[in-house]
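Please open the structure in your viewer and keep the selection tool at hand for the stops that follow.

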Amino acid sequence: MRTSLVPVILLLMSLFAGNAVALPDIQAWTAEKGARVYFVQNMMLPMVDVRIVFDAAGARDGDKPGLAVLTNGLLAEGAAGKDAQQLAESFESVGAQLDNDSLRDMAYIGVRTLTEEQYMRAAINTLTDVLTRPDFPEDAFNRELARMKVALKASKQSPSDIASKAFYKAIYGDHPYASPTDGTEESLELITLDDIKAFYNRYYVANNAVIGIVGAVDRSKAEEIANTLVANLPSGERADPLPAVQEVISPNTVRIDFPSRQSHIYVGQPGMKRDDKDYFKLYVANHPFGGSGFASRLVQVVREDRGLAYSVHSYFSPMRELGPFTMGLQTKAEQTDEALSLIRTELNNYIKEGPDKDEFEASISNITGGFPLNFDSNSKLLGYLALIGFYDLPLDYLDTYVDKIRDIDLDDVREVLQRRLHPDSMVTVIVGNGNGVNQNDNQVSTAANE
Amino acid sequence: MRIYISLIALTTIVIGLALFVFVGQEVTEPTQEGVQTTTLGNGMKVIVKENSRAPVVVTQVWYKVGGSYEHEGLTGVSHVLEHMMFKGTDEIPAGEFSEIIAAKGGRENAFTSKDYTAYFQRISTDHLELCLSLEADRMRNLLLNEDEFVKEIEVVKEERRLRTDDDPTALTYERFNAVAFTNNPYRQPIIGWMEDLENMDVEDMRNWYRTWYAPNNATLVVVGDVKAKDVFALAKKHFGPLKPSDIPQLKPRREVQQYGTQRVQIKVPAKVPFLVMGFKVPVLKTAEDAADTYALELLAGLLDGGNSSRFSKNLVRGSQVAASAGVSYSLYSLHDNLFTLSAIPADGVSSEEMEQALLAEITALLEQAPTEQEMSRVKAQVVASSVYEQDSNFYQAMKIGILETVGLGWRTADDYVERINAVTAEQVQQVVKKYLIKEYLTVAELVPQPTETSMSVSAEGMSHAH
């Protein structure tokens with residue numbers, strides 16, 4: 001295998017607004033059958049990353065949580081008459097790496113391969129089989145379902161997994177975002193092979209797909225790859241719009257006893273959409289509070305000043321519909337109430353007053369100055385292409401990003417905090433809750449009795 | 001965030017050799033990989049890899065110190081000191097290091113492993129000098145204020161609770177290492193025993209800092225859109241004036257002979273059993289024959305290198321005794337290490353059955369040599385990975401830093417593909433026969449205990465103060 005083909009051509013790059021920041025040149029088109037393609041050519045390394053994203057993730061599970069994850073995981077477990085072993089060998093014997101996952105909004109499958117013609121062809125052809133001709137063999141279905149059950153069981157020994165699931169449930173109620181993507185004990189008993197096939201046939205269709213390609217291929221090769229991938233995929237239809245999320249919810253506190261030394265605490269509410277009209281404002285607004293690592297106010301107050309936690313943060317997770325705003329930390333059980341009351345007070349004050357001028361300016365400068373770090377590798381760039389395509393963001397999303405951040409002023413941030421965050425209507429989840437070290441007995445927490 | 005990692009364990013048996021080496025600025029010729037190096041007058045090594053794909057740079061300062069340098073009673077001190085490195089100098093008050101980098105759009109952090117401690121920034125190329133000046137300042141001028149220590153040690157204890165005490169798998173690994181090794185320092189957790197953290201004081205920090213933080217015990221690695229000569233000039237300007245120290249020579253701490261299989265059970269609240277099995281093996285740094293270590297590396301790929309590997313094929317899909325199974329081996333560690341098999345048994349499979357199934361995979365290698373197809377698959381993956389890893393500046397800098405810090409030298413990476421390609425099926429069988437034997441085995445078993453949970457939901461406004 002050759003690794004020295006690397007013609008050093010830097011095609012990407014257009015200059016950006018006075019800064020010497022080079023931005024990738026994104027090409028976009030619609031391939032056969034209606035699949036949308038986003039492509040960036042980068043000739044520096046003899047490799048290419050390809051990813052096909054579908055609106056076929058947890059939010060589409062319906063009344064069978066885990067369905068999307070299982071469907072996605074079964075694609076490479078048997079396709080075009082080949083079994084899992086043969087498929088894996090087809091990828092791995094040419095050094096290709098299969099990559100697939102199913103989240104709440106997005107499900108994807110893709111491959112990273114060398115661009116040496118015979119290797120790339122083998123990798124793309126196998127990916128095409130996996131994507132368009134999955135066999136969903138019954139033995140693979142039974143096995144993967146059994147493994148999901150073990151994984152689900154294992155997540156119940158993790159206080160952070162327990163807390164995260166309870167948090168989504170508390171925030172989203174009846175909305176599809178409430179259901180755990182890895183399923184429930186009940187749902188995993190109900191899922192059938194017919195469910196998997198029906199899910200695949202409905203959602204893994206070209207009109208519901210976005211293809212991202214980054215690497216050392218030219219435009220015509222990229223078109224060929226995209227067309228190969230979707231040639232045998234039906235056009236189908238995009239997934240239906242998801243129901244809207246109720247923005248203001250009833251406040252409540254969920255306490256789950258768990259024999260961990262720390263309590264895991266989450267506070268939050270429905271936050272923002274990926275294409276939210278306030279997206280940039282909210283991103284900037286959260287940044288000085290809990291989104292800028294060691295520079296953030298939460299880290300200063302909770303960790304640096306008081307040593308109460310190793311990790312403390314707040315963030316918006318933008319999704320198709322309102323993704324959550326989350327504030328969270330872990331602290332030893334005895335400090336649960338102190339830590340919770342501290343971060344609630346901090347959040348209330350912050351919503352009321354906003355950041356001070358220095359904090360605000362430091363954040364603007366961090367976000368704009370660090371922008372090039374967000375796509376300094378093919379893998380990061382691929383993530384952006386998937387995002388832009390999947391959420392229908394404008395093609396100049398990266399080109400206009402820094403300007404949009406700079407257009408925001410301190411008053412915008414203060415206004416948006418008060419309008420969009422509702423400290424009296426937040427959900428609090430506490431897992432651990434003071435039961436302390438290695439107590440295996442099933443105590444009901446003091447708080448639960450009050 | 002002030003992370004510690006134990007991905008790859010590393011070390012050098014003799015470090016003191018570099019003591020007071022005052023060589024002038026001597027720059028090597030650029031190699032195929034585009035790496036250039038120099039050594040400053042005070043003994044600090046500087047390594048630069050130019051990569052102009054994006055206008056950004058990664059800087060990493062590596063110190064030859066980590067968990068394996070520590071002695072009992074003081075475990076975790078390297079990692080706590082890593083946290084304290086953000087707690088101020090005369091020039092830069094506590095906490096400001098991070099704020100200054102953040103204000104320039106940079107990302108920064110640090111990590112401690114068994115054989116190294118490293119500090120890094122990722123930033124636009126224009127701010128390279130800022131990073132170097134800040135790193136040079138804290139290399140010699142750290143305040144180590146008691147008030148800051150008293151708060152930060154609590155943060156580290158929370159980190160230990162989060163990463164180890166409340167994670168049954170991590171806890172199993174910790175006790176596994178403690179039982180596997182008798183006198184090799186890899187028996188100690190990087191984050192330290194809680195008892196040692198409870199009894200650590202700021203004077204321990206000062207001693208550790210004085211002992212190990214000096215330019216002649218450090219390597220600067222810079223990868224990105226820079227010119228090597230510019231980096232050398234900046235490094236000389238900022239690190240050059242720092243005084244070197246008398247760095248102690250590490251004691252060998254070579255593991256004593258093991259006389260039979262060692263076993264430990266970990267009974268803690270958990271839901272799913274877990275099994276770890278480790279055989280004592282040499283690493284590149286310690287091996288009499290380097291070929292053995294590359295054969296072990298290839299063996300790891302045969303067993304666990306992707307979905308077509310033997311563990312996936314035979315244990316997860318074939319007999320279906322495992323819900324998941326894996327292998328780990330650290331070619332580049334400082335001391336002898338473990339070739340580790342781990343598995344989560346499928347539902348209804350006992351740890352005993354799981355153990356037998358894992359061992360059967362090892363025995364099978366002796367009865368039937370790896371096929372040509374398996375061998376070439378692993379080799380293809382290695383070649384491809386050597387291209388893929390160049391997608392990340394950070395990873396490239398890591399590899400250089402690790403190899404330099406354990407004393408193997410960054411050029412060792414250049415040999416990797418060739419050495420792996422040279423491994424034969426017979427060599428794989430030989431290392432299996434030589435090292436993967438029960439006399440050198442340690443087994444740790446997580447035995448889940450009940451984690452009964454109960455839940456209550458209250459409407460806001462009701463009192464739940466305690």
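**First stop: a hairpin**

Begin by selecting B:G43, which takes a positive phi near 95 degrees in the hairpin of β2(B) and β3(B), where five residues stand between the strands. This is a predicted model, in which local features need pLDDT of at least 70 and side-chain atom pairs count only at pLDDT 80 or more, while totals for chains, interfaces and linings use all residues. Residues are numbered from 1 along each chain as its sequence is written, and chains are lettered from A and ligands numbered from 1 in the order in which they are written.

Next, select residues 35–39 of chain B, strand β2 (strands are DSSP runs of E, at least two residues, numbered from the N terminus), which pairs with β3(B) in the antiparallel sense over five bridges; two strands pair if DSSP finds at least two bridges between them. B:V35 has B:K49 as its bridge partner in β3(B).

Now colour β3 of chain B, residues 45–50: five of its six residues are buried, so the strand is largely enclosed by the rest of the structure. Buried here means that 20 or more other C-beta atoms, placed from the backbone, lie within 10 Å of the residue's own. Add strand β7 (residues 218–224) of chain B, which runs parallel to β3(B) and is joined to it by six bridges, with B:G224 as the bridge partner of B:E50.

**Second stop: a sheet in chain A**

Turn to chain A, where six strands form an open sheet of mixed pairing in the order β3-β4-β10-β5-β9-β8. Its edge strands, each pairing on one side only, are β3 (27–30) and β8 (97–102) of chain A.

How values were computed:
A residue is buried if 20 or more other C-beta atoms lie within 10 Å of its own, exposed if 12 or fewer, and partly exposed in between; C-beta atoms are placed from the backbone. Helices (H or I, at least four residues) and strands (E, at least two) are DSSP runs, numbered from the N terminus.
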